[in-house]
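Please look through the structure below with its sequence at hand, beginning with the chain as a whole and moving from there to its core, a pair of helices and a single loop residue.

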Amino acid sequence: MRVLIMGDMEGVAGIVHWDQVSHDSAMYQEGRRLYTEELNAAIRGAFAGGADEVLVVDSHGAGAAQSNKGPAFNSLIPELIDPRCEFVTHHGWANYLQVFEDGCDACFFVGIHARGGTPGGVLSHTIASMHWWNVFINEQVVGEIGIVAAICGHYGVPMALVTGDDKACEEATALLGPGVKTVAVKRGLSRYSARHIPPVRARQMIEHGAVEALRNLRSAKPFIPAQPTAVRFQIVTADVMDGYRKRPGIEIVDGQNLVSRGANFMEAWSKVAPY
Ligand SMILES: [Zn+2]
């Protein structure tokens, strides 16, 4: 069994501030350790639950996503990561598709945050808060959980485990149904505060959750939006919208909205995918 683990930083226990997840901040090094150890917990659980191959994809932008000047999508600490896995870094957001072409049985999303605008969602945003306000799939508002679940779903892969704050977990269950196992490692009190499970115990919960997710894998269903599929972006600023005007196949609705349509989600998504 091959398991894909997508990692993001904002939903990790102990993390509440951009300084812990941004490449140019002193506290980033602490965030990297917390993040890498939660990934390790998910890796342990995946192997204990029956995986014989685990691939980790770092999908946290670290605030440098649109340039080559910082460690974009390169936050995990290589020398700490469980030697049984392989990992992908610096490849762009949710963009590593080879794992699906090779064949994949389950996806875990570790350390993910709630979608932009979620009350009490720690560091809540969708893709990047200064550029995207909201993303809709067939007019249903989604965050990064929904986008990644739809990418997985296109290849028939279920999102089996989601870890993050309680708001991200609620978002996952509301969208994907009760078949997705969730592990809440903190309770969001505001966008920048939380009541945490201490990291050591949070990792135990993630490890156990990963085992359970694979044992109950049949109850997790791939998320496949209705076809044909429309992806609508609500854009924050005019300069970001201007970047989309040059891309083919995109309908600019007004100053803040654009739509991409396709026979299925991936066809629509690939025209507007960031990074
Ligand atoms: Zn992130």
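**From the whole chain to one residue**

Residues 24 or more positions apart in sequence account for 68% of the contacts in the chain with a separation of 6 or more. The model in which these contacts are found is a predicted one, and its secondary structure comes to 7 helices and 12 strands. The chain is as compact as a globular protein of its length, because its radius of gyration, 17 Å, is close to the 19 Å that the globule rule gives for 275 residues. Along the principal axes, the C-alpha trace spans about 50 × 40 × 35 Å, and 48% of the 275 residues count as buried.

In soluble globular proteins, nonpolar side chains tend to be buried together. Here the largest nonpolar core has 79 residues, and those with the most contacts inside it are Ile5, Ala46, Phe108 and Met159. Helix H1, which covers residues 28-48, supplies the largest share of this core, with 8 residues. The surroundings of Ile5 can be followed in detail: when its neighbours within four places in sequence are left aside, Ile5 is in contact with Leu39, Ala42, Ile43 and Ala46, and also with Val54, Val56, Phe108 and Val110.

Helix H1 also has a helical partner, since it packs with helix H5 (residues 199-215) at an angle of about 30°, the two axes lying 7 Å apart. The crossing in which H1 passes H5 is right-handed. On the H1 side, the residues that meet H5 include Leu34, Glu37, Glu38, Ala41, Ala42 and Ala46, while on the H5 side Pro199, Ala202, Arg203, Ile206, Ala210 and Leu214 are among those that meet H1. Sorted by class, this contact has 11 nonpolar, 3 polar and 5 charged residues.

Beyond H5, the chain can be followed to Pro225, whose place is in the loop between H5 and strand S10 (229-235). Is this loop residue, Pro225, buried or exposed? Pro225 has 21 C-beta neighbours inside 10 Å, and because a residue with 20 or more counts as buried, Pro225 is placed in that class. Leaving aside neighbours within four places in sequence, the residues in contact with Pro225 are Ile137, Asn138, Ala150 and Phe265. Separation in sequence and distance in space can be set side by side for another pair, Pro225 and Asp239, which are 14 residues apart in sequence and 30 Å apart in space, taken from C-alpha to C-alpha.

Notes
Residues are numbered from 1 along each chain as its sequence is written. This is a predicted model: local features need pLDDT of at least 70, side-chain atom pairs count only at pLDDT 80 or more; totals for chains, interfaces and linings use all residues. Helices (H or I, at least four residues) and strands (E, at least two) are DSSP runs, numbered from the N terminus. The radius of gyration is taken over C-alpha atoms; the globule rule is 2.2 Å times the number of residues to the power 0.38. A residue is buried if 20 or more other C-beta atoms lie within 10 Å of its own, exposed if 12 or fewer, and partly exposed in between; C-beta atoms are placed from the backbone. Two residues are in contact if their C-beta atoms, placed from the backbone, lie within 7 Å. A nonpolar core is a set of buried Ala, Val, Leu, Ile, Met, Phe, Trp, Tyr and Cys residues joined through C-beta atoms within 7 Å. Axes are lines fitted to C-alpha atoms, for helices over the stretch in contact, and angles run from 0 to 180 degrees between N-to-C directions. A crossing is left-handed if the near helix is turned anticlockwise from the far one by less than a right angle, and right-handed if clockwise. Ala, Val, Leu, Ile, Met, Phe, Trp, Tyr, Cys and Pro count as nonpolar, Asp, Glu, Lys and Arg as charged, and the others, Gly among them, as polar.
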